[in-house]
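Me: I should like to learn how strands, their pairing and their burial are read from a structure. May we work through one case together?

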Amino acid sequence: MSLNAVRPWREIQRRKSRQIMVGSVPVGGDAPISVQTMTNTETTDVRGTLDQVIRAADAGADIVRVSAPDEDSTRALREICAESPVPIVADIHFHYKRAIEAAEAGAACLRINPGNIGDARRVAEVVRAAKDHGCSIRIGVNAGSLERHLLEKYAEPCPDAMVESGLDHIKLLQDHDFHEFKISVKASDVFLAAAAYQQLADATDAPIHLGITEAGGLMSGTIKSAIGMGNLLWSGIGDTIRVSLSADPVEEVKVGFEILKSLGLRHRGVNIISCPSCARQGFDVIKTVEALEQRLEHVKTPMSLSIIGCVVNGPGEALMTDVGFTGGGAGNGMVYLAGKQSHRMSNDRMIDHIVEEVEKKAAEIEARDKAAAEAPEATEAAE
């Protein structure tokens, strides 16, 4: 059960938005906040791109975006969409025919700026293709590519300019009776992005795609994304997210989930609570946590694990986790199960033992959840 249900000070009131579908994934409304990433392979390398899509999906990605800059890419997109385990968003810039080809190839969503793909006739053709093939559309406004007339009007990229751009694009789609769209107003500047998203959230009920664009490398980009996106998510803004890192797309997915997990908005895999370590530690906390993060990547069941080096905070943290280990003396520590002391374990066997206990607990949780899901069906059958 979510801790939010029993601790009201943890509650996040999500902004109410319309719900659309990106393939099989609902976005907006009361749907879980979905996590996206984008491939960085050559799209024409079908096997390489699919491998990256599959790895991202295994890490938890709900949706993956693939660039479609030319006709060869949209041809490759047909096989990629057919074999992908998650919906594919086609990233389109400037050329409206690529959007039409991507829709025909099976893309679940088209990422476009209606204002930069040509005149009203071309926008109408893209909308028609999206309708014919069941595509949704993401309107992608970016501070680095605002329309010239808006830059002349506002002198520089600013929240007003970004939101005006987004609303203009929304009108282009609505004028063609198209409403299956979500929207983003991204900037690399955290302050600019946050202010633009806050203003956008008040101006439309469309689902919002959240992101800090060009955030940077793994370390700096994670921090910028956590600050900017975390602030917005905490205030209830955001229906789907993408963390933009100069790193492996799998890392983007991991960071995205960690941001959502830290706010209690999504729950997937093992949430490890660990201390930074100090002279009191009874074992090497840092190396232990590094090893456990790798050994437990395969566990998808939401659960918690505390790894604390000594008895100062260890017992208290263990009270709140499914499995815990607290360092002691004489080369061993205490294992906690469901918040209670269970047994002692030597430090040299501790990692293997914790992995076994986590896997056992995950199996118990899965069996319990399965039984709970089947119970209503059994009751209905009996009636």
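Me: How many bridges join β7 to strand β8, and in which sense do the two run, parallel or antiparallel?

Reply: The model is predicted. To read pairing, one looks for the bridges between two strands and then for their direction. Here six bridges join β7 (residues 136-142) to β8 (residues 181-186), and the two run parallel. As a point of register, Ile137 has Phe181 of β8 as its bridge partner.

Me: Which other strand is joined to β7, and by how many bridges?

Reply: Strand β6, residues 109-112, is joined to β7 by four bridges, and these two also run parallel. In this pairing, Cys109 stands opposite Ser136 of β7.

Me: Are the faces of β7 covered or open?

Reply: One takes the residues of each face in turn and asks whether they are buried. In β7, Ser136, Arg138, Gly140 and Asn142 lie on one side and are buried. Ile137, Ile139 and Val141 lie on the other side and are buried as well. The count for the strand is thus seven buried residues of seven.

Me: Which residues of strand β1 are buried, and which are not?

Reply: The same reading by faces applies. Strand β1 spans residues 19-22, and its side chains alternate. Ile20 and Val22 point to one face and are buried, whereas Gln19 and Met21 point to the other and are not.

Me: With which strand does β1 pair, and in what sense?

Reply: β1 pairs with β2, residues 25-28, in the antiparallel sense over four bridges. Gln19 has Gly28 of β2 as its bridge partner. In a hairpin, one also inspects the residues between the strands and their backbone angles. The hairpin of β1 and β2 has two such residues, and Gly23 takes a positive phi near 65°.

Me: Why does Val64 count as buried?

Reply: Val64, in strand β4 (residues 63-67), counts as buried because its relative accessibility is 1%, and the cut-off for buried is under 20%.

Me: Which residues does Val64 touch, leaving aside those up to four places away in sequence?

Reply: Val64 touches Thr37, Thr39, Val53, Ala56, Val86, Pro87, Ile88 and Val89. For one of these contacts, sequence and space may be set side by side: Val64 and Val86 are 22 residues apart in sequence, and their C-alpha atoms are 6.9 Å apart.

Me: Which residues does the annotation "domain: IspG C-terminal" cover?

Reply: An annotation is read from its record and then placed on the model. The unreviewed UniProt entry gives residues 271-360 for this domain. In the model, that span is 30% helix and 31% strand, with its end C-alpha atoms 16 Å apart.

Methods
Residues numbered from 1 in each chain as written. Predicted model: local features only at pLDDT ≥ 70, side-chain atom pairs only at ≥ 80, totals over all residues. Heavy atoms only, no water. Buried < 20%, exposed > 50% of the residue type's maximum accessible area, 1.4 Å probe, protein only. Pairing = 2+ DSSP bridges. UniProt positions renumbered as here; feature names shortened; annotations may be inferred. Contact = heavy atoms within 4.5 Å.
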